[in-house]
Amino acid sequence: MIHTGEEASPDEESYDLVIGLLFLVDQIDPALKFLDLALKSGYTLSTSVFSDCVRVCVNAGRLDTLMSIIKRCKAMDQNKALCPPWGLSTYISDVAVEADHSKLAYYGLEFLVQWIVRGKSAQPSLLLSVDEGLAIAALGTAARTCSAPLLKAAWEILNRSLRDKRLPSPESYLAKIHAFAALGELRFAFRALHELESAYGNPESDEDTEIFSPFSSLNPLVRACSKGGFSKLDEVYFQLENLSRANPPYKSVAAFNCIILGCSNIWDLDRAFQTFEAIQKTFDLTPDIHSFNALMSAFGKMKQTFEASNVFAHMANSGVKPNEKSYSLLVDAHLINRDTKSALGVVKDMMLAGYSPSKETLRKLRRRCVREFDVDGEEEVRSLFQQLNYRMDGEYRRGILFGLQYSTEFV
């Protein structure tokens, strides 16, 4: 029919029939060839053929091809309204997010938004919503691929799904902060931090305080602040200073903690200490556990163990209870100065306080004891490994190295 010319050229129904049959017998390449011809001819694709194309391409892992077809359909007036079923749209989004394919994930979320809008305007209305985990995964993909459109689409579909019945979870806000930080949009990242503080700003347990920890949850924001060196950190500080004088004012200890740890990351002890002092003196806020920990990290990296110990003591005197991270940072500060005995003493105090040292902390302590020939300290660390049911890795390989017999017989 194609070669006969205009007298018997295939129409839309002919293309739909042939393409559908080829997809049915898994002849993907010929089907895509005729699909390309149909689009070039300006024909309208049927919903069934479009859905078959989507399903086959996703199952075959041909995500780039599918993204190109969807993009071409979006550019045509007669095909831009095509939308696969709800379940298939969710499947597209899941697969695209898992593969970190930001463009296809964006199209998948766009299809889901169309279904939500249609369901809301139907009579009777059909309230559709996506799982919050899918939105969080999409935000993670937006962060890894630096995709601003996907970030916007993921947050929009999350708000549409929640329908103002409840707030997004802390993980959703943290994923949004991570995405903005990866994009370098620090102004929007701190705005998202403000939203997180407004929603979950009164932690009731140690687990809840980890939401605002610059060492874990907010570490992507810390890395983004320190990426540009001291100039970027100063820029962020002055922006926060201006926001503190705005109406209404915005003052955040968590935001300043990110700056302190960012200064620690670039080994700028003076800026870290000045920012810590400004929390109370300039902004009339009270430093929290993460503020002290960030300052201890800065002192420890600069081998100022005495000052780090003073910060630890000042923290306890201020009524702030040290957490596991506080003890671990103090252990690291002693190990940097090769003081294994003091580090062991901190580990014992840590256990008396009800915290268990991590396996990584004990591994670093044992390694330092071996290098300093502290046999007694190594034996104590060994007993701690056994007491905490930690497995000592690398013993066999280390034994082989120390047991090598060197000889000049073959020289």
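1. A disulfide here is a pair of cysteine sulfur atoms within 2.5 Å. Keep that cut-off in mind for C263: its sulfur is 9.4 Å from the closest cysteine sulfur, in C225, so the two are too far apart for a bond. C263 is also buried, at 1% relative accessibility.

2. A friendly reminder that we are looking at a predicted model. In this model the count of disulfides is zero. C53 is in none either, with the nearest cysteine sulfur, that of C57, 4.1 Å away. As for its surroundings, C53 is buried, its relative accessible area being 2%.

3. Now to helix α15, which covers residues 269–281. Does its length come out as expected or not, and what span should its 13 residues have? At 1.5 Å a residue the helix should span 18 Å, and its end C-alpha atoms are indeed 18 Å apart, so the two values agree.

4. Which residues of α15 are buried? They are L269, A272, T275, F276, A278 and I279. An α-helix has 3.6 residues a turn, so residues three or four places apart point the same way. The partners that the buried residues of α15 pack against are α13 (229–244), α14 (253–265) and α16 (289–301).

5. You may also like to look at the largest nonpolar core, which has 128 residues. Its largest share, nine residues, comes from α14. F190, L193 and L221 have the most contacts inside the core. Leaving aside residues up to four places away in sequence, L221 touches I177, A181, L186, A189, F190, L193 and C258.

Terms used:
Residues numbered from 1 in each chain as written. Predicted model: local features only at pLDDT ≥ 70, side-chain atom pairs only at ≥ 80, totals over all residues. Heavy atoms only, no water. Buried < 20%, exposed > 50% of the residue type's maximum accessible area, 1.4 Å probe, protein only. Helix = DSSP H or I, 4+ residues; strand = E, 2+ residues; numbered from the N terminus. Expected span 1.5 Å × (residues − 1). Contact = heavy atoms within 4.5 Å. Core = buried A, V, L, I, M, F, W, Y, C linked by side-chain atoms within 4.5 Å.
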